[in-house]
Amino acid sequence: MTATEENGTAPQERRENPEKKRTRLISGPGMLLLWLYGVMVVGAVSRSAVQISTEFDKAPLAYSLSAVAGLVYGFITYSLVRGGETARRAALVCCAAELLGVLTVGTWTLVEPSAFPDATVWSDYGIGYLFIPVLLPLSAMYWLRKARTADWSA
């Protein structure tokens, strides 16, 4: 037994198993997705934090939904950075939930505008954010499905 094995650390060759390496999700177009999700995190969290702290009684549902959107964006951003198959699958599920939320809230704001005295990030399918909230999960789901079959770590 070597000194490094006694300390509980394995030699570098043993620790790096090529089959166990995390698949990188932020190469090429994935980097653009990461940047866009990062911007959306800042936008949604900042917006909801100000609105909740200053005028929550005006539109509690709208402001709460914006906060939820910020959390969803944050989780997807973290998953993209983390990489690996588990993170890819988690991000894919979260993107599908995000898309469902955008479509639900977007339709709800058009059908019953009185339910939303103020806009959310997902109102009118994200019109206040140049429709990025509806386009981003579609793009991310495409990228994440493609990343399943490709090895971006090389």
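In which helix does Ser 79 lie? Ser 79 belongs to helix α4, and that helix is a good place to start a tour of this predicted model. Helix α4 gives the most residues to the largest nonpolar core, 8 of them. Below you will find notes on confidence, on α4 itself, on the core, and on the aromatic and charged pairs.

**Confidence**

- Taken over the chain, the mean pLDDT is 84, with 81% of the residues at 70 or more.
- Helix α5 has the highest confidence, with a mean of 94, while helix α2 (residues 12-15) has the lowest, with a mean of 47.
- A word of care for such regions: where pLDDT is low, the predicted coordinates should not be read in detail.

**Helix α4**

- Helix α4 is built from 23 residues, and its first and last C-alpha atoms are 33 Å apart, close to the 33 Å expected at 1.5 Å a residue.
- Gly 83 follows α4 and has a positive phi, near 75 degrees.
- Buried positions in α4 include Ala 62, Tyr 63, Leu 65, Ser 66, Ala 69, Gly 70 and Val 72.
- Further along the helix, the buried residues include Tyr 73, Ile 76, Thr 77, Ser 79 and Leu 80.
- Ser 79 has a relative accessible area of 2%, so it counts as buried, the cut-off being under 20%.
- Setting aside neighbours within four places in sequence, Ser 79 is in contact with Leu 25, Ala 87 and Ala 91.
- Thr 77 is also found in helix α4, and its relative accessibility of 16% puts it in the buried class.
- With neighbours within four places in sequence left out, Thr 77 is in contact with Leu 34, Tyr 37, Gly 38 and Val 41.

**The largest nonpolar core**

- This core holds 33 residues.
- The residues with the most contacts inside the core are Tyr 37, Tyr 73, Ile 76, Leu 80, Val 121, Trp 122 and Leu 144.
- Helices α3, α4, α5 and α6 are the elements that each give two or more residues to the core.
- Val 121, one of the residues with the most contacts inside the core, is worth a look for its partners beyond four places in sequence: Met 40, Ala 44, Arg 47, Ser 66, Ala 69, Tyr 73, Gly 126, Tyr 129 and Pro 133.

**Aromatic pairs**

- The model has 2 aromatic pairs.
- In one of them, the ring centres of Tyr 37 and Tyr 73 are 5.9 Å apart and the planes meet at 50 degrees, so the pair is tilted.
- Tyr 37 sits in helix α3 and Tyr 73 in helix α4, so this pair ties together parts that are 36 residues apart in sequence.
- Tyr 37 and Tyr 73 are both buried.
- Trp 108 and Phe 116 make an edge-to-face pair, with 4.9 Å from centre to centre and 85 degrees between the planes.
- Burial divides this pair: Trp 108 is partly exposed at 34% relative accessibility, whereas Phe 116 is buried at 8%.

**Salt bridges**

- As background, side chains of opposite charge can pair when their charged atoms come close.
- The count here is 3 salt bridges.
- Lys 58 and Asp 118 form one of them, at 4.0 Å from N to O.
- Lys 58 is in the loop between α3 (29-55) and α4 (60-82), and Asp 118 is in the loop between α5 (85-111) and α6 (132-149), so this salt bridge ties together parts that are 60 residues apart in sequence.
- Lys 58 is partly exposed, with 44% relative accessibility.
- Arg 88 and Glu 85 form a salt bridge at 2.7 Å from N to O; both residues are in helix α5, 3 residues apart, about one turn of the helix.
- Arg 89 also forms a salt bridge with Glu 85, with 3.5 Å between the closest N and O atoms.
- Arg 89 and Glu 85 are 4 residues apart in helix α5, so about one helical turn separates them.
- Through shared partners, salt bridges join Glu 85, Arg 88 and Arg 89 into one network.
- Within this network, Arg 88 is buried at 4% relative accessibility, Glu 85 is partly exposed at 33%, and Arg 89 is partly exposed at 46%.

Technical notes. Residues numbered from 1 in each chain as written. Predicted model: local features only at pLDDT ≥ 70, side-chain atom pairs only at ≥ 80, totals over all residues. Heavy atoms only, no water. Salt bridge = Lys/Arg side-chain N within 4 Å of Asp/Glu carboxyl O. Buried < 20%, exposed > 50% of the residue type's maximum accessible area, 1.4 Å probe, protein only. Phe/Tyr/Trp six-rings, centres within 6.5 Å; stacked < 30°, edge-to-face > 60°. Contact = heavy atoms within 4.5 Å. pLDDT = per-residue confidence, 0-100. Expected span 1.5 Å × (residues − 1). Core = buried A, V, L, I, M, F, W, Y, C linked by side-chain atoms within 4.5 Å.
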